[in-house]
Amino acid sequence: MRPKYVITGLVTLALIAFVLHYWLESRYKSTMQYKTQWILQKEKQQYDYVVLGASHAYVGFDVAMADSILHEKGINISLDGSLIGTQSVLADLFFNRNQNKTKRFFFCIDNPSAINTNELADIADGRMMPYLNYDEVFSFYKPYGIKWYFDRYMPLWKYAEYNYYWGPHVFSNTWGNFMKPDFDTASGSRYDYGNRYDNTDTMTVSLDFQLDKSETEYKYFRKILEVCKKNQITPVLFTLPLGRADTSAQAKQHLADFNAYCKKQGMEFYYLGDYLNYQFEYFGTKGHLNKKGAELATKKFIEEYLTKQSAK
């Protein structure tokens, strides 16, 4: 076979791969099977408050309850399976790229020890794949290795790697919509109505905000705060009930230290980690509230927030 035919064939295959890649990507971005798709379709919207966190806030912050108490309109952009790095990217995209606006940003530190992590989260990362061509997304992932360059620049590579999220079943769903989102597409919350914690995971959730590293690290936490500052948003930190929260003297000291840190930084922090502690009828899993628990915790948080605001 002549070299020119080989080259022509390879170029043709590459072109087909690139065209197919961008066609798949455009289809994936146009639907909202996953929470990332739903979040990133929100553009130039005005909200009274925005909630961000991982799965604890996803299932534990009841937007309908908060709206009814505040007489306002909020949105929950929390993403299950995410860690603080991915959450910082979502904040950047939601407010800076997509130009959504809000007065208050309720940021859930659902696992205090994770506020300073640099680890990736496979569940959330896989669902970010259609947006890897965004500079904000790729700049976050590329320091983690050459794999992310392949995912970014090789056509179809990432969709083959993450086929359990972006396989033929999801592609066909971009037309048929036979797979429904598992979250409330009006508010962004996901409600667990039936589950009850089975009490098999008995490990206590530690309470350590790693303040000894905060001045040199807190990398992604600081990024979230920078996004708030740029957009003139007031950040409000909170921790939802943890199920088996640490209430030792050391934990209480860590909490007091973090409260002092937040006060010094001009931020408000509301700790509900030990609210409903060991009351497992309000939990679907150890750290994830069911619907009743979400209602109680959200009501408690918002009422504490309003009480503090009225005292100013």
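# Sheet, helices and aromatic contacts in a predicted model

Reader: Which residues form one aromatic cluster?

Author: The model is predicted. Its aromatic cluster draws on strand 5 through Phe-269 and Tyr-271, which point the same way from that strand and are buried. The complete membership of this one cluster is Tyr-47, Phe-94, Phe-95, Phe-105, Phe-107, Phe-209, Tyr-218, Phe-221, Phe-258, Tyr-261, Phe-269 and Tyr-271.

Reader: What is the order of the strands in the open sheet?

Author: The sheet is open and its pairing is parallel. Strand 2 (74–76) and strand 5 (268–271) each have a single partner strand, so one side of each is left without a neighbour in the sheet. From one strand to the next, the twist averages 20 degrees. The order of the 5 strands is 2-1-3-4-5.

Reader: In strand 3, which residue is the bridge partner of Val-51?

Author: Strand 1 (residues 46–52) and strand 3 (residues 101–108) run parallel and are joined by 6 bridges. Val-51 belongs to this pairing, and its bridge partner in strand 3 is Phe-106.

Reader: Why is strand 3 described as largely enclosed by the rest of the structure?

Author: Strand 3 runs parallel to strand 4, with 5 bridges between them; Arg-104 has Thr-234 of strand 4 as its bridge partner. Strand 3 is largely enclosed because the number of its 8 residues that are buried is 6.

Reader: Which residue of strand 5 does Val-236 stand opposite?

Author: Strand 4 and strand 5 run parallel, joined by 4 bridges. In a regular strand, side chains alternate between the two faces of the sheet. In strand 5, Glu-268 and Tyr-270 point one way while Phe-269 and Tyr-271 point the other way, and all are buried. The residue that Val-236 stands opposite is Glu-268.

Reader: At about what angle does helix 13 run to strand 5?

Author: Helix 13 (residues 249–264) lies across strand 4 (234–239) and strand 5. Helix 14 (residues 291–310) also packs on the sheet, where it touches strand 3, strand 4 and strand 5, and its direction makes about 140 degrees with that of strand 5. For helix 13, the angle to strand 5 is about 155 degrees.

Reader: How far apart are the end C-alpha atoms of helix 13?

Author: Helix 13 has 16 residues, and at 1.5 Å a residue they should span 22 Å. The end C-alpha atoms agree with this expectation, being apart by 23 Å.

Reader: What arc around the axis do the buried residues of helix 13 cover?

Author: An α-helix has 3.6 residues a turn, so residues three or four places apart point the same way. In helix 13, the buried residues are Ala-251, Leu-255, Phe-258, Tyr-261 and Cys-262, and they pack against helix 12 (219–230), strand 4 and strand 5. Ala-249, Gln-250, Lys-252, Lys-263 and Lys-264 are exposed on the other side of the helix. The buried residues lie on the same side of helix 13 because their arc is only 120 degrees.

Reader: Which residue just after helix 13 takes a positive phi?

Author: The position follows the C-terminal end of helix 13, and the phi there is about 75 degrees. The residue is Gly-266.

Reader: Is Gly-53 buried or exposed?

Author: Gly-53 is placed in the loop between strand 1 and helix 3 (55–60). Beyond residues up to four places away in sequence, Gly-53 touches Ser-78, Leu-79, Ser-82, Gln-87, Cys-108 and Asp-110. Its relative accessible area is 0%, and the cut-off for buried is under 20%, so Gly-53 is buried.

Reader: How many residues apart in sequence are the parts that the pair of Phe-61 and Phe-301 ties together?

Author: The search of the whole structure finds 44 aromatic pairs. The ring centres of Phe-61 and Phe-301 are 6.3 Å apart and their planes stand at 70 degrees, so this pair is edge-to-face. Phe-61 lies in the loop between helix 3 and helix 4 (63–70) and Phe-301 in helix 14, so the separation of the parts tied together is 240 residues.

Reader: What is the centre to centre distance in the pair of Phe-106 and Phe-301?

Author: Phe-106 in strand 3 and Phe-301 in helix 14 are 195 residues apart, so to speak distant parts of the chain linked by the pair. Both residues are buried. The pair is edge-to-face, with 80 degrees between the planes and a centre to centre distance of 5.2 Å.

How values were computed:
Residues are numbered from 1 along each chain as its sequence is written. Side-chain values use heavy atoms; hydrogens and water are left out. Two strands pair if DSSP finds at least two bridges between them. Helices (H or I, at least four residues) and strands (E, at least two) are DSSP runs, numbered from the N terminus. Axes are lines fitted to C-alpha atoms, for helices over the stretch in contact, and angles run from 0 to 180 degrees between N-to-C directions. Contact means heavy atoms within 4.5 Å. The expected span of a helix is 1.5 Å times one less than its number of residues. Buried means under 20% relative accessible area, exposed over 50%, partly exposed in between (1.4 Å probe, protein chains only). The arc is that of the directions from the helix axis to the C-beta atoms. Rings of Phe, Tyr and Trp (its six-membered ring) pair if their centres lie within 6.5 Å; planes under 30 degrees apart count as stacked, over 60 as edge-to-face and the rest as tilted.
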